[in-house]
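Open the model in your viewer and keep the selection box at hand. This tour tells you what to pick next and what to look for there.

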Number of protein chains: 2
Amino acid sequence: MSDQVINYLKENREHLLGKLSEFLSIPSISTDSSHNEDVLKAGNFVVDYLKEIGFNKVELQKTPGHPLVYGEWLEAEGAPTVLFYGHYDVQPADPLELWESDPFKAAIRNDKIFARGASDDKGQVFMNLAVFEAYMKTEGRLPINVKVCIEGEEEIGSKHLGEVLQQQKEKFQADFAVISDSGMVEAGQPTILYGLKGFTGLEFTVTGPNRDLHSGIYGGAAKNPAMALCHMIASLKNEEEQVTVPGFYDGVEELQEEERRLMNESPGENYTQTIGIPETTPEKGYTAKEHTMARPTLEINGMYSGYQGEGTKTIIPSTATAKITCRLVPGQDPDVIQQLMVDHLEKVAPKGVKLDIHRYPLSAKAYKMDPSHPLLKKASTSYSEAFGKEAVFVRLGGSIPVVELIDQLFQIPVVLLGFGTPEDNLHSPNESFPLESFDKGMEVLASYYRNAAQV
Amino acid sequence: MSDQVINYLKENREHLLGKLSEFLSIPSISTDSSHNEDVLKAGNFVVDYLKEIGFNKVELQKTPGHPLVYGEWLEAEGAPTVLFYGHYDVQPADPLELWESDPFKAAIRNDKIFARGASDDKGQVFMNLAVFEAYMKTEGRLPINVKVCIEGEEEIGSKHLGEVLQQQKEKFQADFAVISDSGMVEAGQPTILYGLKGFTGLEFTVTGPNRDLHSGIYGGAAKNPAMALCHMIASLKNEEEQVTVPGFYDGVEELQEEERRLMNESPGENYTQTIGIPETTPEKGYTAKEHTMARPTLEINGMYSGYQGEGTKTIIPSTATAKITCRLVPGQDPDVIQQLMVDHLEKVAPKGVKLDIHRYPLSAKAYKMDPSHPLLKKASTSYSEAFGKEAVFVRLGGSIPVVELIDQLFQIPVVLLGFGTPEDNLHSPNESFPLESFDKGMEVLASYYRNAAQV
């Protein structure tokens with residue numbers, strides 16, 4: 001390991017944190033079209049940084065949606081090529097009133113950086129770029145050939161990424177990929193993620209009367225769409241957290257005792273402390289660790305109908321809407337699952353209302369890598385060196401659709417080098433990222449890019 | 001019947017419509033505290049009008065909420081005293097984008113007046129006052145002693161009315177009461193309403209995690225409050241529209257065949273045309289007419305949880321809320337029903353979430369008057385004369401809590417002289433009131449106040 005590179009990162013820490021703050025200050029919310037200019041601005045920030053580092057070919061590639069940044073440095077003769085993927089877009093910050101500091105003005109307190117995107121994913125993208133900078137500034141070169149792909153649509157399902165990669169397959173082809181968009185099981189605990197869940201979803205609207213009605217005059221004649229929606233949703237999952245959509249579990253492989261043991265022995269968070277729930281409620285027959293890591297889920301992400309203001313309004317609402325997404329495991333095909341949900345909803349929709357289903361276009365299959373792969377062993381070593389602790393191997397409930405995309409398209413291993421923690425408040429108010437992860441994570445990356453060049 | 005009075009109303013029609021428009025232009029939305037000044041303004045409008053008519057004692061009575069207008073004219077020696085009740089507050093106008101004209105700028109088209117409150121209840125209050133004006137301007141006196149009580153809190157459950165009436169029982173005491181805050185079964189069809197439903201309700205919030213969570217990381221560990229809420233709501237009513245809260249139907253008297261026949265023979269609306277529903281969905285074993293008129297209901301008025309914006313946000317929401325109201329029939333006590341709902345919700349609330357219930361303070365018992373009462377016979381005659389058509393006798397699903405209040409407090413009959421129609425869009429966008437009801441309704445009232453003086 002080159003002390004030079006590590007020293008550079010240490011000596012330039014303040015400068016790097018300042019530059020990261022600048023990146024975090026751009027509200028690049030990809031789902032909200034009123035922020036299109038900000039998304040573009042964040043893309044250009046990445047372009048400028050890559051040029052500054054010394055990447056040879058840096059492009060802001062247009063897509064029908066938000067642009068994607070490509071960059072390459074391919075002068076490490078004889079070394080393999082890594083494709084580094086990340087995203088510069090972020091989730092919405094609402095509800096704003098719950099933030100303790102401006103979501104788009106990075107604030108450091110309690111040894112953490114607070115900002116939307118601090119962990120997911122601007123902070124972790126930035127760490128990789130900073131490590132590339134450190135190599136170039138100290139050794140004048142990178143230890144491995146690097147292709148960089150940083151997109152602006154991850155939070156809206158990477159709408160155009162597949163198309164872009166498909167069309168320029170040769171350009172983006174690499175020997176393996178690295179993604180830093182995940183976390184560790186707890187702060188300071190090196191974690192090798194060898195499995196991720198897949199993803200699918202839809203939203204549906206139940207329409208009853210053509211307007212909100214007086215509940216006294218029409219109650220008893222018109223079906224209440226909110227009540228219809230609740231009955232339909234209640235038919236998707238029972239109170240034992242088992243999804244009751246017919247066929248949902250078809251093809252899901254039963255968890256082996258050995259994997260159950262590994263999962264249950266891995267360190268976990270104290271949910272009462274971290275998220276304030278009185279108790280966990282996993283699927284019947286599974287522990288919370290087993291369910292979050294390796295069993296599929298079906299969640300209501302949002303729901304609305306009728307009057308939401310102060311006081312009462314005695315109406316039968318005209319419509320009711322629910323947004324639903326599923327996290328899938330190996331054996332489940334996202335398109336099949338989506339179709340099963342559509343079929344089920346159409347079947348259970350009651351008389352007296354109209355059902356409109358909008359299938360979310362984004363989807364992903366679950367991903368699993370062999371935990372004994374040399375690229376993962378090297379990762380484990382780099383983590384252990386930096387954090388002074390053995391790495392644990394786990395699967396996670398989150399979905400990174402691009403992992404499956406890269407896997408399918410390029411047929412290469414995808415190594416997940418994540419440094420987030422369960423306290424990061426991803427997608428929530430007060431998102432944060434520990435400075436320890438920032439510092440040690442860059443050491444891991446500096447070491448890993450050099451070690452992986454030997455595989 | 002005095003031609004003078006009717007002639008006055010005809011000759012001054014344009015003037016009266018202009019004055020009504022002025023009344024309707026005040027956005028006196030009692031549930032929204034940002035409209036407090038407007039509610040006060042509408043109260044003062046009524047005060048000024050009563051003084052102008054020649055009422056002897058006109059007061060804007062303060063309450064801890066919105067004020068109440070009292071006025072009296074008690075110079076009809078030997079005649080009975082009527083208490084005329086109405087309300088000058090209105091429902092919110094949202095969703096504003098669905099209105100074809102400004103809800104607070106009366107517009108006449110297709111022989112209807114369009115404005116929030118045109119039917120419920122400013123328009124109908126105004127008609128009574130206009131009739132009093134016509135008597136005073138032509139005959140110099142009213143045919144009957146009149147006490148007027150126009151409140152500003154009907155749409156928020158008449159919060160302080162009971163207190164006011166209780167404290168000044170002597171002052172408000174009368175021989176019978178008249179309320180014009182209801183409608184006819186169809187436009188032009190005189191309708192004697194001899195029964196109303198009672199009312200109770202509550203809202204509840206299910207809280208899971210202390211913030212919105214990443215659905216991938218926490219799905220399988222944390223109970224989803226929106227899903228919990230749907231299961232709880234689905235347990236309140238089955239898909240055959242039977243309320244499944246234990247004890248809900250206790251004490252409800254079974255509908256007699258004769259009353260069923262009368263109800264089913266009464267003219268009804270074509271719901272497909274009026275509210276655009278494919279079919280009615282009444283309680284199993286009852287027709288839509290029977291259910292709306294004489295069977296209790298339980299409706300979701302509003303519901304919300306999690307992300308409601310554009311696109312997807314893959315969260316487990318922190319909370320989910322539902323607003324629920326019931327319409328009750330004779331035999332059901334609103335406080336008992338509310339308690340049954342609370343008990344049931346507490347029982348079915350699943351593990352892993354916290355339940356907070358807010359009991360709505362407003363409530364009312366159902367009301368039924370003997371359809372052969374002389375005051376109703378006189379009403380029937382007045383309607384028939386003005387509309388040229390026999391009156392039908394029906395019960396209605398709506399609740400007018402003040403009816404029960406007056407009944408209980410003063411032990412007097414409450415006569416409902418309503419002129420609205422099913423097309424009025426009460427509580428909905430594009431509320432309207434037919435000019436035919438405005439014109440003929442005032443003839444009914446002019447005739448009725450004279451006829452009722454003889455009872």
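The stops below run from the whole assembly to single residues and salt bridges.

**Stop 1: both chains**

Keep in mind that this is a predicted model. Colour chain A and chain B separately. Turn one by 180°, with 0.0 Å of shift along the axis, and chain A superposes on chain B with an RMSD of 0.0 Å. That is how a two-fold axis relates two copies.

**Stop 2: the interface**

Now select the residues where the chains touch. Chain A gives 88 residues to the contact, and chain B gives 88 residues. Of the interface residues of chain A, 100% are interface residues in chain B too, so the copies meet through the same surface. Together the chains bury about 7900 Å², and carbon and sulfur atoms supply 53% of that area.

What holds charge to charge across the boundary? Between chain A and chain B there are 3 salt bridges. Select B:Glu279 and A:Lys351 to see a salt bridge whose closest N and O atoms are 4.0 Å apart. Polar contacts can be shown as well: 47 residue pairs make them between the two chains, counting residues at pLDDT 80 or more.

Next, highlight strand β11 of chain A, residues 297-306. With 10 residues, this strand gives the largest share of the side of chain A that touches chain B. Colour that side by class and you get 34 nonpolar, 36 polar and 18 charged residues.

**Stop 3: A:His214**

Stay with chain A and pick A:His214, in strand β10 (residues 213-214). Is A:His214 buried or exposed? The relative accessibility is 10%, so A:His214 counts as buried. Show what surrounds this residue. In its own chain, A:His214 is in contact with A:Gly219 and A:Thr314, leaving aside neighbours within four places in sequence. From the other chain, B:Arg327, B:Gly398, B:Leu426 and B:His427 are in contact with A:His214.

**Stop 4: B:Pro350**

Move to chain B. B:Pro350 sits in the loop between α12 (334-348) and β14 (354-359). This proline is buried, at 16% relative accessible area. Beyond residues up to four places away in sequence, B:Pro350 touches B:Lys223, B:Ala228 and B:Met232. Then draw a distance from B:Pro350 to B:Gly54. Their C-alpha atoms are 62 Å apart, and the two residues are separated by 296 places along the chain.

**Stop 5: salt bridges within the chains**

Over all chains, the structure holds 43 salt bridges. Here are some to visit.

- Select A:Glu100 and A:Arg109. Their side chains form a salt bridge, 3.7 Å from N to O. A:Glu100 is exposed at 64% relative accessibility, while A:Arg109 is partly exposed at 23%.
- Select B:Lys19 and B:Glu52. Their side chains meet in a salt bridge, 3.1 Å from N to O. The pair links distant parts of the chain, 33 residues apart: B:Lys19 is in helix α2 (residues 13-24) and B:Glu52 in helix α3 (residues 36-53). B:Lys19 is buried at 13% relative accessible area, whereas B:Glu52 is partly exposed at 45%.
- Select B:Arg13 and B:Glu14. The closest N and O atoms of this salt bridge are 3.7 Å apart. B:Glu14 is exposed at 59%, and B:Arg13 is partly exposed at 25%.

**Last stop: a network**

Return to chain A. Select A:Arg13, A:Glu14 and A:Asp439, which a network of salt bridges links together.

How values were computed
Residues are numbered from 1 along each chain as its sequence is written. Chains are lettered from A and ligands numbered from 1 in the order in which they are written. This is a predicted model: local features need pLDDT of at least 70, side-chain atom pairs count only at pLDDT 80 or more; totals for chains, interfaces and linings use all residues. Side-chain values use heavy atoms; hydrogens and water are left out. Copies are superposed by least squares on the C-alpha atoms of residues with pLDDT of at least 70 in both. Contact means heavy atoms within 4.5 Å. Helices (H or I, at least four residues) and strands (E, at least two) are DSSP runs, numbered from the N terminus. Buried means under 20% relative accessible area, exposed over 50%, partly exposed in between (1.4 Å probe, protein chains only). Buried area is the accessible area (1.4 Å probe) that two parts lose on being put together, summed over both. A polar contact is a pair of N or O atoms within 3.5 Å; within protein, one must be able to donate a hydrogen and the other to accept it, and residues adjacent in sequence count only if both atoms are side-chain atoms. Ala, Val, Leu, Ile, Met, Phe, Trp, Tyr, Cys and Pro count as nonpolar, Asp, Glu, Lys and Arg as charged, and the others, Gly among them, as polar.
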